[in-house]
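I opened this entry to look up cores, sheet order and ring pairs. Notes follow in the order I checked them.

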Amino acid sequence: MNDQVTSVNDSFLNFYDSMIDQLPKIGLAILIIVLGILLASWIGRFARRRISAQTEDPLMSRFLGQSIKYILIIISIMLALNAAGLGGIATGILTAAGAGAVVLGFAFKDIGENFIAGIILAFNRPFDVNDTVEIGEVFGKVKTMEFRYTKLKTFDGKDVYIPNSDVLTEPVTNYTEDGFFRWNFIIGIAYEDNIEGAKDTVMKTLRNEPNVIEDEEHENFVIEDELATSTVNLKVFFWVDTKDFRRMALITKGNVVRNVKEALEDAGYYMPADIQEIKLYGGEKEFPVRIAERLDDKAKQ
């Protein structure tokens, strides 16, 4: 029994002595990790600022800055383990990571796809921050791009997180890449009205709208679209600035529609409502019609 107690005491003393001997190395390892995290954070921010200044691309600079930061943190942890005399553990971690990557690759296939898609999008991307885009069925402004997802802010206030793999494979419509978008609407005039005169009136109205754009590349025009039941329909095409797509572009469209309608009325053009035709297929010779009296007419009586 005494021999067992002595053996336990000796083991404890040896462990204690070993811990005392390892304390400087453990302290050095902790110091390396702390300094590594601080240095990685600073280098990541510095790289983000420099990349952003060179490319003027905040999405790519943010993505690469974070990537550099996490890589440096992993390197600092490996150096700390070596400094603490745990190089075997560091080697084992790297070996296990290599083997685990294969297993995790199947278990977390979607995460891997989104990460790789994020890297591709960081260098080859169809949008920038605050661009108005439509990805699949989601329509909004691009706010940020992380390792796994791209964040869109819809115009009714929703935050939508789209996996990067979907961004890479889904059709992406960018409404603000070149800053121009063409609206169109239809307005109907009476059959007896002069079509060319109405088209000239519409074009003059478009030229008087300050927020409508017209140059050699962006041409506004009016065409005859349809011979409808009650009207000759004209289709109006015009260009607007899309930097503030959902507000200014819509306000401009509303102004154009209102101004075109008022200009045609002022010029004497008539925009009739649809005519309803009633056909009687029975043997009726008369069709009784009752005209309701207006309340103000009855009041005068």
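I started with the largest nonpolar core of this predicted model. I find 22 residues in this core. Val-236, Phe-238 and Leu-264 touch the most other members. I then asked which elements supply at least two residues each. They are strand E6 (180-189), helix H6 (195-208), strand E9 (232-241) and helix H7 (245-266).

I took Leu-264 next and left aside its neighbours within four places in sequence. Leu-264 is then in contact with Ile-187, Ile-189, Ala-198, Thr-201, Val-202, Tyr-269 and Met-271.

I also noted a second core, separate from the largest one. This second core has 10 residues, among them Leu-121, Phe-127, Val-142 and Val-167.

Sheet entry. Which order do the 5 strands of the open sheet take? I read E4-E3-E2-E1-E5, with antiparallel pairing. Strand E4 (159-163) and strand E5 (172-174) stand at the edges. Each has a single partner strand, so one side of each is left without a neighbour in the sheet. From one strand to the next, the twist averages 40°.

I looked closer at E4 and its pairing with strand E3 (residues 149-154). The two run antiparallel over 5 bridges. I picked out one residue, Lys-151, whose bridge partner in E4 is Tyr-161.

Ring entry. I searched the whole structure and got 7 aromatic pairs. One of them joins Tyr-149 and Tyr-161. How do these two rings sit? The pair is edge-to-face, at 5.0 Å centre to centre and 85° between the planes. Tyr-149 is in strand E3 and Tyr-161 in strand E4, so the pair ties together parts that are 12 residues apart in sequence. I checked exposure for both. Tyr-149 is partly exposed at 27% relative accessibility. Tyr-161 is partly exposed too, at 46%.

Then I went to Phe-185 and Phe-238. Their ring centres are 6.1 Å apart and their planes stand at 70°, so I log the pair as edge-to-face. Phe-185 belongs to strand E6 and Phe-238 to strand E9, and the pair links distant parts of the chain, 53 residues apart. Are these two rings' residues buried or exposed? Phe-185 counts as buried at 10% relative accessibility. Phe-238 counts as buried at 0%. I had already listed Phe-238 among the residues that touch the most other members of the largest core.

Last, I traced a cluster linked by ring pairs. Its members are Phe-139, Phe-155, Tyr-175, Phe-181 and Trp-183.

Methods. Residues numbered from 1 in each chain as written. Predicted model: local features only at pLDDT ≥ 70, side-chain atom pairs only at ≥ 80, totals over all residues. Heavy atoms only, no water. Pairing = 2+ DSSP bridges. Helix = DSSP H or I, 4+ residues; strand = E, 2+ residues; numbered from the N terminus. Axes fitted to C-alpha atoms, helices over the stretch in contact; angles between N-to-C directions. Core = buried A, V, L, I, M, F, W, Y, C linked by side-chain atoms within 4.5 Å. Buried < 20%, exposed > 50% of the residue type's maximum accessible area, 1.4 Å probe, protein only. Contact = heavy atoms within 4.5 Å. Phe/Tyr/Trp six-rings, centres within 6.5 Å; stacked < 30°, edge-to-face > 60°.
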